[in-house]
Amino acid sequence: MKLVIINYGSGNLHSVHKAFEAVNNNLENPYEIIVTNTPSEILNADKLVLPGVGAFQDCKNAIHKIDGLFESLEEVVIGEKKAFMGICVGMQLLAEKSLEFGECEGFGWIPGEVIKIEAPADYKIPHMGWNEVTFRNHELLNNISQNTDFYFVHSYYFRTQKNENCIATTKYPNPITAAVLKENIYGTQFHPEKSHNNGKQIITNFLEWEPS
Amino acid sequence: MLKKRIIPCLDVDRGRVVKGVNFVDLIDAGDPVEQAKIYNSEGADELCFLDITASSDDRETLFEVVKKTAENCFIPLTVGGGVRTIDDISRLLHHGADKVSINTAAVENIDLVAKAAKKYGSSTIVIAVDAKKNGDKSWNIFTHGGRKPTDIDALEYCIEVANLGAGEILLTSMDRDGTKIGFDNELLSTVSSSIDIPVIASGGVGNLEHFVEGVLKGGASALLAASIFHFGEYSIKDVKTYLAEQNIAVRI
């Protein structure tokens, strides 16, 4: 089984790769982990991970700069329904559009938009640090207790159009989407690769996940 | 609720951990990767490396330390010291740093802040500010590891870099650094109440109560300390337990 981590120059690529490797090494049937941006390799993936930090538009442009990258992703994720996980901006890109630095179109795989966090004046933006996550029961959140802390760093968040696509939230102090899910498409706003043991559990769950 | 972060800081010289008292008299306190692993398992919320290697020839050692740390510690890692160019930032991120802290280079070339924030995202760019009291509610910043004075006002500078896209301010009181008499909470609250981005308190922490004051009086989002942890006076857990007892939200 092949797990592809998409390399489009994202700053957290290394961290994501190392964390997935550490978790994968403990699996009974480890994946072959491939870090790539080559469409032919993406088309052969059994699972995909899209990291992302920085500005929405920069990430989107970086993906579209690589010939055939987005098309191969779409083929595997939408066409073949392979399990997909986006992290941080990699998750926000699933939205229809973002309002960060003007309007920018996303992949449109999950209905909703990426908007600025609205918080009272005494709340610092970016929302940076460890915050509690509550979630709907799902195998992607196996062995995680309600109100577990995960590491967040962001100023914008994904407001899903449908409640059913938001499977986890945090509060700052208003509710903020912490994880999205639609069929085989999953994403976390927090950084599992930076969330110590609970983050590793999130990665384990994704590696063990078989979307129906 | 968002937790107050406890960040142990390791001063690294040619790949070894050191910590200065008022920026001089360095004492060797061990291997950074081993220390980082300990802090990681003790429940540190983030780690910070400050590279103080003087010669650029010896800087390569830092990249190896960052790489090894990132392979072993799955919490955020901030690396600073001698960061001068976009390329420096890129190399640190590539080796596994999550955030890069910029000090002197941002003062000398303020455009670097906006450029770096645009390229890597605000949350990746920490601006480190070394400030020294200059009068009533007034502080000036120093550059070059605290050796070179400037006539730049610390508060105005923090406001400016925040507007340019910095994601966080690492605010060190030079008056307090190494003294163990507590953070300069007046400096912290003056800056923290004037900008929207988080402020990390640094310099002067000597006991558990000082951490509490940094949050309640200083308004800090995160608390950084070095020698208090390295020499085993208090563990990360001691600090967090104490903060929790004072009703300050921490990740236990």
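**Notebook: helix packing in chains A and B**

I started in chain B, where α1(B) and α2(B) count as roughly parallel to each other. The model I am reading is a predicted one.

**Entry 1. α1(B) against α2(B)**

I looked up the angle behind that label. The two helices, α1(B) and α2(B), pack at about 25 degrees. Their axes are 9 Å apart. Because the cut-off for roughly parallel is under 35 degrees, the label for α1(B) and α2(B) follows. I also noted the hand: α1(B) passes α2(B) in a right-handed crossing.

Next I listed the residues that meet. From α1(B) they are P32(B), V33(B), A36(B) and K37(B). From α2(B) they are V65(B), K68(B), T69(B) and N72(B). I sorted this contact by class and got four nonpolar, two polar and two charged residues.

**Entry 2. Chain B against chain A**

How many residues of chain B are in contact with chain A? I found 26 residues of chain B in contact with 29 residues of chain A. On the chain B side, α2 (60-72) and α3 (86-94) each supply at least two residues. So α2(B) appears in my notes twice, packing with α1(B) and supplying residues to the side that touches chain A. By class, that side of chain B has 10 nonpolar, eight polar and eight charged residues.

**Entry 3. Helix α10(B)**

I moved on to α10 of chain B, residues 236-245. Which of its residues are buried? I noted I236(B), V239(B), K240(B) and L243(B). They sit on the same side of α10(B), because they cover an arc of only 95 degrees around the axis. A lysine, K240(B), is among these buried residues.

I then checked what the buried residues of α10(B) pack against. The partners in chain B are β1 (5-13), α1 (32-42), α8 (208-216) and α9 (227-230). Here α1(B) turns up again. Just after α10(B), I found N247(B) with a positive phi of about 65 degrees.

**Entry 4. α8(B) across α10(B)**

I took one of those partners, α8(B), for a closer look. The axes of α8(B) and α10(B) come within 9 Å. They cross at roughly 55 degrees. At that angle, α8(B) and α10(B) are oblique to each other. I recorded a right-handed crossing for α8(B) passing α10(B).

From α8(B), the residues are L208(B), F211(B) and V212(B). They meet D238(B), V239(B), Y242(B) and L243(B) in α10(B). By class I count six nonpolar, no polar and one charged residues in this contact. V239(B) and L243(B) are also on my list of buried residues in α10(B).

**Entry 5. α1(A) against α6(A)**

I switched to chain A. How are α1(A) and α6(A) set relative to each other? Helix α1 (residues 13-24) and helix α6 (residues 196-208) of chain A pack at an angle of about 70 degrees. Their axes are 9 Å apart. That angle makes α1(A) roughly perpendicular to α6(A).

I listed A19(A), F20(A), A22(A), V23(A) and N24(A) on the α1(A) side. On the α6(A) side I have G199(A), K200(A), I203(A), T204(A) and L207(A). This contact divides into six nonpolar, three polar and one charged.

**Entry 6. Helix α4(A)**

Last helix on my list: α4 of chain A, residues 69-79. Its buried residues include L69(A), S72(A), L73(A), V76(A) and V77(A). Their arc around the axis is only 115 degrees, which puts them on the same side of α4(A). On the other side, E74(A) and G79(A) are exposed.

The buried residues pack against α2 (39-43), β3 (47-50), α3 (56-65), β4 (83-87) and β13 (185-188) of chain A. After α4(A) comes K81(A), whose phi is positive, near 55 degrees.

**Entry 7. Two exposed residues in chain A**

Why does G79(A) count as exposed? I found 11 other C-beta atoms within 10 Å of G79(A), and the limit for exposed is 12 or fewer. I also checked a pair: G79(A) and T177(A) are 98 residues apart in sequence. In space, G79(A) and T177(A) are 26 Å apart, C-alpha to C-alpha.

Then S40(A), which lies in α2(A). S40(A) is exposed too, with 9 other C-beta atoms within 10 Å. S40(A) and G68(A) are 28 residues apart in sequence and 9.1 Å apart in space, C-alpha to C-alpha.

Terms used. Residues are numbered from 1 along each chain as its sequence is written. Chains are lettered from A and ligands numbered from 1 in the order in which they are written. This is a predicted model: local features need pLDDT of at least 70, side-chain atom pairs count only at pLDDT 80 or more; totals for chains, interfaces and linings use all residues. A residue is buried if 20 or more other C-beta atoms lie within 10 Å of its own, exposed if 12 or fewer, and partly exposed in between; C-beta atoms are placed from the backbone. Helices (H or I, at least four residues) and strands (E, at least two) are DSSP runs, numbered from the N terminus. The arc is that of the directions from the helix axis to the C-beta atoms. Two residues are in contact if their C-beta atoms, placed from the backbone, lie within 7 Å. Ala, Val, Leu, Ile, Met, Phe, Trp, Tyr, Cys and Pro count as nonpolar, Asp, Glu, Lys and Arg as charged, and the others, Gly among them, as polar. Axes are lines fitted to C-alpha atoms, for helices over the stretch in contact, and angles run from 0 to 180 degrees between N-to-C directions. Angles under 35 degrees count as roughly parallel, over 145 as roughly antiparallel, 65 to 115 as roughly perpendicular and the rest as oblique. A crossing is left-handed if the near helix is turned anticlockwise from the far one by less than a right angle, and right-handed if clockwise.
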